[in-house]
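Here are my notes on this one, written to be read with the structure open beside you. Take the points in order and find each spot as you go.

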Amino acid sequence: MPPAREFVLGVVGGASGVGKTTLLNAVSWLDRVNTGDLFKRHMSLASRDDIRTLNWAAFEGAVREDLETAVREKAVRGMRGILIDTHFAAKLNGDAYRIGLDRAEIFSLASSAVRLASDYGVRLQTLIVHVTAEPAQLLTRRRLDESRKRELVPSDCVQALSRNEQCSGQYLYEFARAVRGYGPDEASPPRLTHIMNSDLDRAVGEMKSVFLGQVQ
Amino acid sequence: MNPFVWTNDPDVAKKEQTALRKLVATEHPDGEGWQFKKGLAIGTAYDENTRRAVAVALEFDPSGRYSRISRSADVEVDFPYVPGLLAFRVGPAICKLLDEQDDDYDLLLFDGQGIAHPRGIGLASHIGVLYGKPSIGVTRNRLFGEALEPPIQANAASPIYHPSSREIVGYSWVPGESTPAIFVSPGNLIDPKEALQLVRGITRPNSSFPTCLARAHGMANTARRQMLRKRDKQDNLGEHDD
């Protein structure tokens, strides 16, 4: 029996300012959905930066449904996969960091994705990529980025990086839990890769090798 | 360039220091024997009446010769005097100064502590981390750490130890004959011994303190007094408006 066609669900996250967008642009053959834009749409705000100071958590369920819809659309159209551009950890009410999507919502999204893949006769491959940077680099990038209103409490850089790293592991756990019980023809075990974006060319190369190996 | 946010809450300030302490490095990426080309001696002052912090920068070279030209900045800062939190009182003025400064300096020198500090991040370390530059703190008073008094002879030095880890966090140093000891601690990207050697190199024989830093500090205090006189003059003019 020929191997199942693969559908790649990429989840790429990291602290604001680590250079995630630049690396995502290197994986241009996969369509992308941004959770910040989804939250913004639901919160009807003019600027994505305003999300940091409001209770976006109230819209998690709605955003998870949007993500499921986006994944379904790509699978139905026979596309190779989709990238979810997100933060593994985000500030709530401009205060402490918490996981970007509640763990129950991550599990629900993952379960939906693997069921969908199974329904359409494709094998789901989940690739979670955590993009990070040295705190001093992130501080400098945030200072120089005048296109967005960045938090410039210096300790915030340290906290943002460490919480995103911690929470990326929780995303992996929930995806792994969701695919448990499915066979290798339906879902491959999810993989988590950490990319340190200190040298852009090297980071782009690492990003491409994560996804190029999966998408033919 | 987006400015740094500075809290005016001492408890939040201490948490900020604890978080930033992780970024302090006590060695230069180029290793031992690293030489600086252009330093900035930063003097600061705070005026309680106007609630303004002043910072003055003087360029200096490896021999300690300093420029006649100085740059200064002053900003309104509402932060109380709390030992160990000087950065939150004068830091905003220093940042305003450095943000307007060309990035062609490779050493910062402060009248303040480096890592010889209760939370390991005095003024010199704090600003060194924010700007990613090597930095050193030199003070006339020891805030933290245990040290034997060095022998009373020119150029004698004794280490300052962290009370728990026993790590060397600075040096107590007698610059000249009959001068009291001063305290040198690395801020960022320099180790304690190199910091001491560097400060020795820029201090004139028999001076009691590195001259460039004493001058910058003096200029900051002069600027503070001028601010106060200007305010008093404006207040007096206001009284005659009736």
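What share of the 216 residues in chain A is buried? Buried residues come to 53%. Keep in mind as you read that this is a predicted model.

1. Start with the overall make-up of chain A. You should find 7 helices and 7 strands there. Walking from the N terminus, the order is β-α-β-α-α-β-β-β-α-β-α-α-β-α. Among contacts in chain A with a separation of 6 or more, 79% link residues 24 or more positions apart. The accessible surface of this chain is about 9500 Å², and carbon and sulfur atoms hold 50% of that.

2. Now pick out helix H4 of chain A, residues 103-119. It passes a simple length check: 17 residues at 1.5 Å a residue should span 24 Å, and the end C-alpha atoms are indeed 24 Å apart. Its buried residues include Ile106(A), Leu109(A), Val114(A) and Leu116(A), but also Glu105(A) and Ser111(A). Among the elements covering the buried residues of H4(A) are strand E1 (5-14), helix H3 (60-76) and helix H6 (154-179) of chain A.

3. Look at both ends of that helix too. At the N-terminal end, Asp102(A) acts as a cap, with a side-chain oxygen 3.0 Å from the backbone nitrogen of Ala104(A). Just after H4(A) comes Gly121(A), which has a positive phi of about 70 degrees.

4. Over to chain B and its sheet. Here 9 strands make an open sheet with mixed pairing, ordered E3-E2-E1-E4-E5-E9-E8-E7-E6. Strands E3 (66-76) and E6 (146-147) of chain B are at the edges with a single partner strand each, so each has one side without a neighbour in the sheet. E6(B) runs antiparallel to strand E7 (residues 157-161) of chain B, joined by 2 bridges. In one of these pairings, Glu146(B) has Tyr161(B) as its bridge partner in E7(B).

5. Helices pack on this sheet as well. Helix H3 of chain B (residues 123-131) touches strands E4, E5 and E9 of chain B, and its direction makes about 25 degrees with that of E9(B). Helix H4 of chain B (residues 192-202) touches strands including E2, E7 and E8 of chain B, at about 30 degrees to the direction of E8(B).

6. Last stop: is Thr179(B) buried or exposed? With a relative accessible area of 12%, Thr179(B) counts as buried because that is under 20%. Thr179(B) sits in the loop between strands E8 (168-173) and E9 (182-188) of chain B. A polar atom of the Thr179(B) side chain is 2.8 Å from the backbone oxygen of Gly176(B). Beyond its neighbours within four places in sequence, Thr179(B) contacts Val174(B), Asn206(B), Ser207(B) and Ser208(B).

Notes: Residues numbered from 1 in each chain as written. Chains lettered and ligands numbered in written order. Predicted model: local features only at pLDDT ≥ 70, side-chain atom pairs only at ≥ 80, totals over all residues. Heavy atoms only, no water. Helix = DSSP H or I, 4+ residues; strand = E, 2+ residues; numbered from the N terminus. Buried < 20%, exposed > 50% of the residue type's maximum accessible area, 1.4 Å probe, protein only. Contact = heavy atoms within 4.5 Å. Areas by Shrake-Rupley, 256 points an atom, 1.4 Å probe, with all protein chains shown as cover. Polar contact = N/O pair within 3.5 Å; in protein donor to acceptor, adjacent residues only side chain to side chain. Pairing = 2+ DSSP bridges. Axes fitted to C-alpha atoms, helices over the stretch in contact; angles between N-to-C directions. Expected span 1.5 Å × (residues − 1).
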